[in-house]
Amino acid sequence: MKNVLVTGGAGFVGSHLVETLVKKGINVTVIDDFSNGNKENLNSCLEKIKLINFDVSNSDWSLLNEITPDTIFHLATHPRSFSLSDPKRNLEVNVLGTLNVLEFAKKNNSKFIYTSNSGICGEPKFFPVTEEHPEDCKTPYDANKLIGEHYAKIYHEIYGIYITIFRLAAVYGERQKVNESLGWRPLVATLVQKIISDETPSIQWDGNQTRDLIYVKDVVNGLIKGAESNEHAGMMFLLSTNKETSVNQVFDMICKLTKKEITPKYEEKNLGDLRRMILSYDKAKLAFDYTPEFSLKDGVLRYIEWLKKTK
């Protein structure tokens with residue numbers, strides 16, 4: 001990798017990825033429409049990158065004619081939590097947007113790294129979930145991400161574009177923020193924000209639903225390992241921890257780490273919510289020597305310390 005394009009690069013995961021790429025001496029261009037991203041996320045490397053305000057669902061890509069990336073990380077997305085209330089916009093960003101990025105990759109013969117969603121599997125039929133698990137989309141977001149995967153594979157098979165797909169577990173870490181305007185309420189960020197402010201957090205369902213929670217720097221490590229490889233074109237991998245943690249356990253951990261005594265309020269289950277989720281990263285480990293390095297406690301503590309500094 002010498003010249004890289006990151007879509008959604010001002011977002012939570014994208015900004016961590018951009019930071020790491022810049023540290024490696026790679027020339028990085030970021031496009032983001034700032035609907036869920038923030039220029040401040042890139043403060044540490046802003047002078048070393050090219051940043052363009054651009055919506056991937058835009059039909060006119062002439063603004064990017066001078067950019068010739070050898071690798072594209074496609075992270076721009078419209079959130080899962082908002083896809084039921086605005087399925088049309090979700091389709092525009094996650095399907096049309098992905099198709100536009102693939103066309104751009106074809107034009108430049110770029111390697112294409114696509115971040116997808118483990119929720120495509122729906123309610124797991126077996127544990128841990130592997131790449132062979134059947135698909136059972138529960139929201140428009142899941143369906144649109146799956147369509148994006150199919151488009152990526154088609155472009156690989158027909159046009160020879162080198163693509164790798166990564167389905168991510170539940171990512172958390174510094175810079176992740178609640179975005180009420182997009183219905184974006186990630187678990188760790190939402191609970192920490194409420195608890196350190198001495199507010200009563202709401203837990204949907206009974207809190208015994210589980211998630212495979214992966215720290216953002218472990219995700220970035222996996223994405224880069226995938227991009228650096230030339231041996232697994234057209235394949236899909238799970239990036240996860242192979243551990244499940246209930247929402248109640250996460251809540252209790254945050255209370256202990258912040259030394260707060262708060263009782264949550266339990267509400268109705270979110271539409272499309274899953275009861276259990278635990279994902280195997282064995283395939284990524286075999287292919288890329290990928291192993292997550294951060295424990296949940298370490299990652300949550302890092303997030304708490306970061307949020308306290310930003311408040």
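**Exercise 1.** Does Tyr215 count as buried or exposed?

*Solution.* Buried denotes under 20% relative accessible area, exposed over 50%, and partly exposed in between (1.4 Å probe, protein chains only). Tyr215 has 1% relative accessibility and therefore counts as buried. The model is predicted: local features need pLDDT of at least 70 and side-chain atom pairs pLDDT 80 or more, while totals for chains, interfaces and linings use all residues. Residues are numbered from 1 along each chain as its sequence is written, and side-chain values use heavy atoms, without hydrogens and water.

**Exercise 2.** Classify the ring pair of Tyr215 and Phe294.

*Solution.* Rings of Phe, Tyr and Trp (its six-membered ring) pair if their centres lie within 6.5 Å; planes under 30 degrees apart are stacked, over 60 edge-to-face, and the rest tilted. This rule yields eleven aromatic pairs. For Tyr215 and Phe294 the centres are 4.6 Å apart and the planes stand at 55 degrees, so the pair is tilted. Tyr215 belongs to strand β10 (residues 213–215) and Phe294 to the loop between α7 (282–288) and α8 (296–310), so the pair ties together parts 79 residues apart in sequence. Phe294 is partly exposed, at 24% relative accessible area.

**Exercise 3.** Compare the span of helix α3 with its expected value.

*Solution.* Helices are DSSP runs (H or I, at least four residues) and strands likewise (E, at least two), numbered from the N terminus. The expected span is 1.5 Å times one less than the number of residues. For the 20 residues of α3 (residues 140–159) this gives 28 Å, and the end C-alpha atoms are 28 Å apart, which agrees. Gly160, with a positive phi near 75 degrees, follows α3.
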